[in-house]
Amino acid sequence: MADQLTPEQQEQSSSEWVRAQFQKANQYLAEKGILPDNVAVSESRYLTPLMAIWKITAQDRKQYWVISGDLPTDHMALSAAKDAREAVRAFSLHWQLKAEQIMNSGAIDKTKVEFANLLINRAHGLYDLFDKEELWNSSN
């Protein structure tokens, strides 16, 4: 279907996806008790329709990396990574560890196993994105 869209329609679709992911990231933070104030657009990155990584400053001036897209929405302190690319790798490693903790936690149900497998799958995908030099050479 994307092949049938005009360049203008593709751009509009991409912009709508980015806006939706930004809203998703802000809503996620708010649910965690973190009130977003602004985003550093020039330091945030997105790869439509897979993932977006946002550098967000909260109202209390603390800063976070927030990831959203076709994966679990998550956040970490800005100090965990120097830039968006390193944040993608940090999320990948964090999710692998989290999945391992879930799988080693003893009595686990089907839902937890499925979530752990999702984390592993998305962690591998994130690492592949981190590892693709061509994605990071130019800003998007």
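## Close-ups of a predicted model

**View 1. How helix H2 begins.** Right at the start of H2, aspartate 83 points a side-chain oxygen to within 3.2 Å of the backbone nitrogen of arginine 85. Keep in mind for this and every other view that the model is predicted. H2 itself runs over residues 84-103. From first C-alpha to last, the 20 residues of H2 reach 29 Å, close to the 28 Å expected at 1.5 Å a residue.

**View 2. Arginine 89, a residue of H2.** With 28% relative accessibility, arginine 89 falls in the partly exposed class. The side chain of arginine 89 makes a 2.6 Å polar contact with the side chain of glutamate 86. Setting aside neighbours within four places in sequence, arginine 89 is in contact with Tyr127 and Phe130. Leucine 35 is another matter: 54 residues away in sequence, and 25 Å from arginine 89 in space, C-alpha to C-alpha.

**View 3. The buried residues of H2.** Quite a list turns up here, including Ala84, Val88, Phe91, Trp95, Ala99 and Ile102. Charged residues are on the list too: Arg85 and Glu86 are buried. What do the buried residues of H2 pack against? Their partners are strands S2 (45-47), S3, S4 and S5 (74-77), plus helices H3 and H4 (133-136).

**View 4. The largest nonpolar core.** This core has 23 residues, and those touching the most other members are Met51, Ile53, Trp65, Ile67, Phe91, Trp95 and Leu126. Two or more residues each come from strand S3 (51-58), strand S4 (63-69), H2 and helix H3 (110-131). H2 gives the most, with eight residues. A second, separate core holds 12 residues, among them Ala52, Ile56, Tyr64 and Val66.

**View 5. Strand S4 and its two hairpins.** S4 is largely enclosed by the rest of the structure, because six of its seven residues are buried. On one side, S3 and S4 run antiparallel, joined by seven bridges, and methionine 51 has glycine 69 of S4 as its bridge partner. Four residues lie between S3 and S4 in this hairpin, and arginine 61 in the turn has a positive phi of about 75°. S4 also runs antiparallel to S5, with four bridges joining them, and that hairpin too has four residues between its strands.

**View 6. Isoleucine 67 up close.** Across from isoleucine 67, in S5, stands aspartate 74. Leaving out neighbours within four places in sequence, the contacts of isoleucine 67 include Met51, Ala52, Ile53, Pro72 and Thr73. Phe91, Trp95 and Leu126 are also among the contacts of isoleucine 67.

Note on methods
Residues numbered from 1 in each chain as written. Predicted model: local features only at pLDDT ≥ 70, side-chain atom pairs only at ≥ 80, totals over all residues. Heavy atoms only, no water. Buried < 20%, exposed > 50% of the residue type's maximum accessible area, 1.4 Å probe, protein only. Contact = heavy atoms within 4.5 Å. Polar contact = N/O pair within 3.5 Å; in protein donor to acceptor, adjacent residues only side chain to side chain. Core = buried A, V, L, I, M, F, W, Y, C linked by side-chain atoms within 4.5 Å. Expected span 1.5 Å × (residues − 1). Pairing = 2+ DSSP bridges.
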